[in-house]
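Welcome, and please open your viewer so that we can walk through this model together. At each stop you will hear what to select and what is there.

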Amino acid sequence: MRLLIAMMMHETNTFSPVPTDLQRFALGPGEVPPRGDAAIAAFRGTGTATGAFIDLAEKAGAEYEVALAAHAAPSGLVHDEAYEAMSEAILQAVARGGFDGILLDLHGAMVSQSHEDGEGELLRRIRAIDPHTPIGVAYDMHANVYADMVELAQTVAGYQTYPHVDMYGTGVRAGSALIQ
């Protein structure tokens, strides 16, 4: 089994004056959002949905790659340049193909300068490249749920607690159906 894992999380507050550029999605100042081994090192063993996806893949003995692990604190509209850079990292991995499942750790309330439904747009783009590979998505409970966010994935799961003490469990629910 071969899996693609990616995180692209942002709770957009459209009224916020705080700009959301690519730097806000990095782990630290002057960095870029981690990919590959750096993303695995940053999120393995964490209580996040991405951490759960990594654990599920490793327990199943699956090959996997992390295309991107990007998370920004709530702020204003995501700059188009940031949205496109993050999306492209994921879409390039999807285009390489050969995956038995795609696991996405998303928020569900991402709005970019050009896309009101950031998650749905990402899923539409993934499906344009790969219409068949099963997709599992973990969402925050504060998601703004559009049809494409649900209809273009095989499994979706959302946090059920606030504070979010069940992010890992949400990842397990979203990923377990794809990893048998």
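Start by selecting Val145, which lies in the loop between β4 and α5 (147-151). Helices here are DSSP runs of H or I with at least four residues, strands are runs of E with at least two, and both are numbered from the N terminus. Is Val145 buried or exposed? Val145 is exposed, with a relative accessible area of 59%. For this tour, buried means under 20% relative accessible area, exposed means over 50%, and partly exposed is in between, using a 1.4 Å probe and protein chains only. Now add Gly108 to the selection: its C-alpha is 6.6 Å from that of Val145, although 37 residues separate the two in sequence.

A word on what you are viewing: this is a predicted model, in which local features need pLDDT of at least 70 and side-chain atom pairs count only at pLDDT 80 or more, while totals for chains, interfaces and linings use all residues. Residues are numbered from 1 along each chain as its sequence is written, and side-chain values use heavy atoms, with hydrogens and water left out.

**The whole chain**

Zoom out and colour by secondary structure. You should find six helices and five strands, in the order β-α-α-β-α-β-α-β-α-β-α along the sequence. The C-alpha trace spans about 45 × 30 × 30 Å along its principal axes. The radius of gyration is 15 Å, which agrees with the value near 16 Å for a compact globule of 180 residues. That radius is taken over C-alpha atoms, and the globule rule is 2.2 Å times the number of residues to the power 0.38.

Next, colour by burial: 54% of the 180 residues are buried. Contacts, meaning heavy atoms within 4.5 Å, often link distant parts of the sequence: among those between residues at least 6 apart, 74% join residues at least 24 apart.

**Helix α1**

Select residues 36-43, helix α1, and show the side chains of its buried residues, Ala39, Ile40 and Phe43. They cover an arc of only 100 degrees around the axis, which puts them on the same side of α1. The arc is that of the directions from the helix axis to the C-beta atoms. An α-helix has 3.6 residues a turn, so residues three or four places apart point the same way. Turn to the other side of α1 and you will meet the exposed Asp37 and Ala41.

What do the buried residues of α1 pack against? Their partners are β1 (2-12), α2 (49-59) and β2 (63-75). Before leaving, click on Gly45, which follows α1 and has a positive phi, near 80 degrees.

**Helix α2**

Move on to α2, where nine of the 11 residues are buried, so this helix is largely enclosed by the rest of the structure. Among the buried ones are Phe53, Ile54, Asp55 and Leu56. To see what covers them, display β1, α1, β2, β3 (101-106), β4 (135-139) and α6, which are included in that cover. Just after α2, look for Gly61, with a positive phi of about 70 degrees.

**Two buried stops**

Select Gly120 in helix α4 (residues 118-129). Gly120 counts as buried, at 0% relative accessibility. Which residues touch Gly120, leaving aside its neighbours within four places in sequence? Gly120 is in contact with Asp148, Met149 and Leu152. Now draw a distance from Gly120 to Leu56: they are 25 Å apart, C-alpha to C-alpha, and 64 residues apart in sequence.

Then go to Met110, in the loop between β3 and α4. Met110 counts as buried, at 1% relative accessibility. Select Met8 as well: Met110 and Met8 are 102 residues apart in sequence and 9.0 Å apart in space, C-alpha to C-alpha.

**A cis peptide bond**

For the last stop, select Tyr162 and Pro163, and check the peptide bond from Tyr162 to Pro163: it is cis, with omega near 5 degrees. Pro163 sits in the loop between β5 (155-158) and α6 (167-176). At 56% relative accessibility, Pro163 counts as exposed. Finish with the distance from Pro163 to Val150, which is 24 Å, C-alpha to C-alpha, for residues 13 apart in sequence.
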